[in-house]
Amino acid sequence: MKDPENPDHWIIDEEAAEVVRRIYRMTIEGKGPYQIARELSEEKIERPSYYLGKKGLGNHASNYDKENPYMWRGNQVTTLIARPEYIGKTVNFRTFKNSYKDKKTKRADKEDWVVFDDTQEPIVDEETWLLAQKLRQNVRKADPMGEPNVLTGKIYCADCGAPMYNHRQRKGRERIYYTAKGEKRTSHSNPADCYECSTYNLGCQRYDRHCTCHHISTKALKSIILKTIQETCHYVSLNEREFVYSLQEESAMKDIAVSETVKNRIERNQKRVHELDMLIRKIYEDNVIGRLPDRLFQSMLTDYENEQNELNKIIETDTADMQRIIGGQNNVERFLKLVKKYENITELTPAMINEFIDKILVHEPQGKGADRTTEVEIYLNYVGQFQVPVEQHEPTEEERIAAEKEAERLRRKRESNRKYMKKIREKSKEFAEHERIAEEKSSDSNVCVEQNVTSKSNRQKVKGEKIA
């Protein structure tokens with residue numbers, strides 16, 4: 001709100017700012033705009049227009065809706081989350097009119113906005129605001145389980161790069177089987193909750209084959225994520241100096257060569273853009289004085305402008321890379337701050353996933369049965385893929401013997417399970433065959449009874465006709 005002592009200066013309205021901070025926290029927890037709006041309405045928190053209107057502020061101070069003070073809308077929350085003003089910026093030229101006679105206001109493209117930094121005190125920090133914008137790029141819809149999936153937009157196939165589909169069902173599948181004694185039983189499997197490669201999934205729907213089935217359960221995936229975050233936080237908290245040094249060393253080795261190449265490319269492309277400006281100006285002059293025909297002028301102008309647009313896109317990408325290289329130290333500090341926030345975690349939460357995880361790559365499973373393994377790559381925010389160093393030590397004789405005994409125990413258990421399941425399947429087939437034969441005999445006997453009844457009725461009918 002405006003400062004009473006200085007109308008050109010904004011100050012924070014703490015009552016309203018707390019609602020804004022809460023909305024950003026709920027977004028990071030994985031809640032969508034309409035879910036946030038519903039919770040705010042149920043808790044009877046005043047909507048922005050009513051809050052401003054009762055104070056005589058805002059664009060609709062004289063005609064705001066006084067009968068519905070808590071009616072939040074999803075689009076209100078969406079607009080609020082996207083506002084750069086909450087991180088201390090001021091944005092001008094969001095709208096425009098074609099002329100002063102035009103009564104209709106139009107929204108301008110973001111490229112035409114004029115943004116001023118650090119014009120007022122921020123309500124939320126920049127990391128929180130950027131994370132909220134990133135999460136809003138992926139739509140999270142509530143599925144039959146009744147809750148949106150927090151991992152949406154983070155799981156990708158490591159081979160084809162396509163996002164992985166999440167398959168969830170409220171109820172498991174029903175299976176009928178027979179025990180060794182011939183007892184008929186029914187079992188229900190757990191509700192389905194897994195991920196599969198979307199390329200493979202869509203290919204199967206078209207009776208075609210693309211990529212392979214990169215299948216992994218959500219339970220296993222969340223267990224891997226929790227273990228990765230726990231191990232990383234534990235290592236960083238105990239070895240902060242070594243962690244910072246290793247990241248700086250690795251980043252320096254990658255960025256020194258990249259930065260020189262990128263810097264030279266930026267300078268070269270900027271020089272070429274300046275040359276194109278000179279050429280465009282020259283052909284304009286030649287066209288005006290008649291030395292260059294209109295047809296040739298238009299062709300040359302199109303080529304120059306296309307080349308200039310391509311170069312500007314490359315310059316923009318290279319500049320972003322240079323800023324990323326320069327801001328590497330800031331990323332390390334942000335990650336250390338995040339580690340201190342979740343130093344002693346025991347349970348995985350949606351907010352933790354969104355704050356820590358950038359993306360996850362799932363590789364094709366290797367092996368079969370109990371020996372099946374799947375490689376999973378987890379990329380963390382700010383630092384990318386980080387492997388916690390594992391201390392290598394020679395196992396003692398007792399540890400080696402214990403490991404061999406455990407491996408032998410698992411082998412015997414798997415062999416016993418295979419034999420048991422094979423016996424169950426054979427018994428199930430046998431009893432199913434007996435049931436089929438019994439049903440066929442029952443149907444045959446019913447047919448014979450129907451035929452006897454029909455023949456008897458026919459004989460009675462013939463006898464009646466003779467008497468008549």
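Lys 44 sits in the loop that runs between helix 2 and helix 3, and in this predicted model its phi is near 55°, a positive value in a residue other than glycine. With a relative accessible area of 58%, Lys 44 counts as exposed, because the cut-off for that class is over 50%.

A second residue with such a backbone angle is Tyr 382, which has a positive phi of about 80° although it is not a glycine. Tyr 382 belongs to the loop between strand 14 and helix 12, the helix that spans residues 397–467. At 32% relative accessibility, Tyr 382 counts as partly exposed, since this value falls between the limits of 20% and 50% that separate buried from exposed residues.

The loop that holds Lys 44 also holds Glu 43, and this residue leads on to the charged pairs of the model. The side chain of Glu 43 meets that of Arg 22 in a salt bridge, with 2.7 Å from N to O. Arg 22 is in helix 1, whereas Glu 43 is in the loop between helix 2 (33–42) and helix 3, so that the pair, 21 residues apart, links distant parts of the chain. Both partners are partly exposed, Arg 22 at 22% relative accessibility and Glu 43 with a relative accessible area of 43%.

Another salt bridge is formed by Asp 13 and Lys 55, whose closest N and O atoms are 3.6 Å apart. Asp 13 lies in the loop between strand 2 (6–10) and helix 1 (14–28), while Lys 55 lies in the loop between helix 3 (48–53) and helix 4 (74–81), and the two are 42 residues apart. The two ends of this pair differ in their cover: Asp 13 is buried, with a relative accessible area of 17%, whereas Lys 55 is partly exposed, with a relative accessible area of 42%.

A pair with a separation of 207 residues joins Arg 334 in helix 10 to Glu 127 in helix 5, and here the side chains meet in a salt bridge with 2.7 Å from N to O. Arg 334 is partly exposed at 27% relative accessibility, and Glu 127 is likewise partly exposed, with a relative accessible area of 23%. Elsewhere, salt bridges that share partners join Glu 14, Glu 18, Arg 21 and Arg 25 into one network. The count of salt bridges in the model comes to 23.

From the charged pairs the description turns to the interior. The largest nonpolar core has 39 residues, and those with the most contacts inside it are Leu 221, Ile 225, Ile 229, Phe 243, Phe 356, Ile 357 and Ile 360. The elements that give two or more residues to this core are helix 5 (126–136), helix 7 (218–238), helix 8 (240–288), helix 10 (328–341), helix 11 (350–356), strand 13 (357–362) and strand 14 (376–380). Among these elements, helix 7 gives the most, with seven residues. Helix 5 and helix 10, which both contribute to the core, are also the two helices linked by the salt bridge of Glu 127 and Arg 334.

On the surface, Asp 109, Glu 111, Asp 112 and Glu 316 form a negative patch. Glu 316 is part of helix 9, which covers residues 294–326, and with a relative accessible area of 60% this residue is exposed. Glu 316 can count toward the patch because membership calls for over 30% relative accessible area and no salt bridge.

Note on methods:
Residues are numbered from 1 along each chain as its sequence is written. This is a predicted model: local features need pLDDT of at least 70, side-chain atom pairs count only at pLDDT 80 or more; totals for chains, interfaces and linings use all residues. Side-chain values use heavy atoms; hydrogens and water are left out. Patches are made of residues with over 30% relative accessible area and no salt bridge: like charges are joined within 9 Å, nonpolar side chains (Val, Leu, Ile, Met, Phe, Trp, Tyr) within 5 Å. Accessible areas come from the Shrake-Rupley method with a 1.4 Å probe; for residues, only the protein chains shown count as cover. A salt bridge is a side-chain nitrogen of Lys or Arg within 4 Å of a carboxyl oxygen of Asp or Glu. Lys and Arg count as positive and Asp and Glu as negative; His and the chain ends are not counted. The place of a charge is taken as NZ of Lys, CZ of Arg, CG of Asp or CD of Glu. Helices (H or I, at least four residues) and strands (E, at least two) are DSSP runs, numbered from the N terminus. Buried means under 20% relative accessible area, exposed over 50%, partly exposed in between (1.4 Å probe, protein chains only). A nonpolar core is a set of buried Ala, Val, Leu, Ile, Met, Phe, Trp, Tyr and Cys residues joined through side-chain atoms within 4.5 Å.
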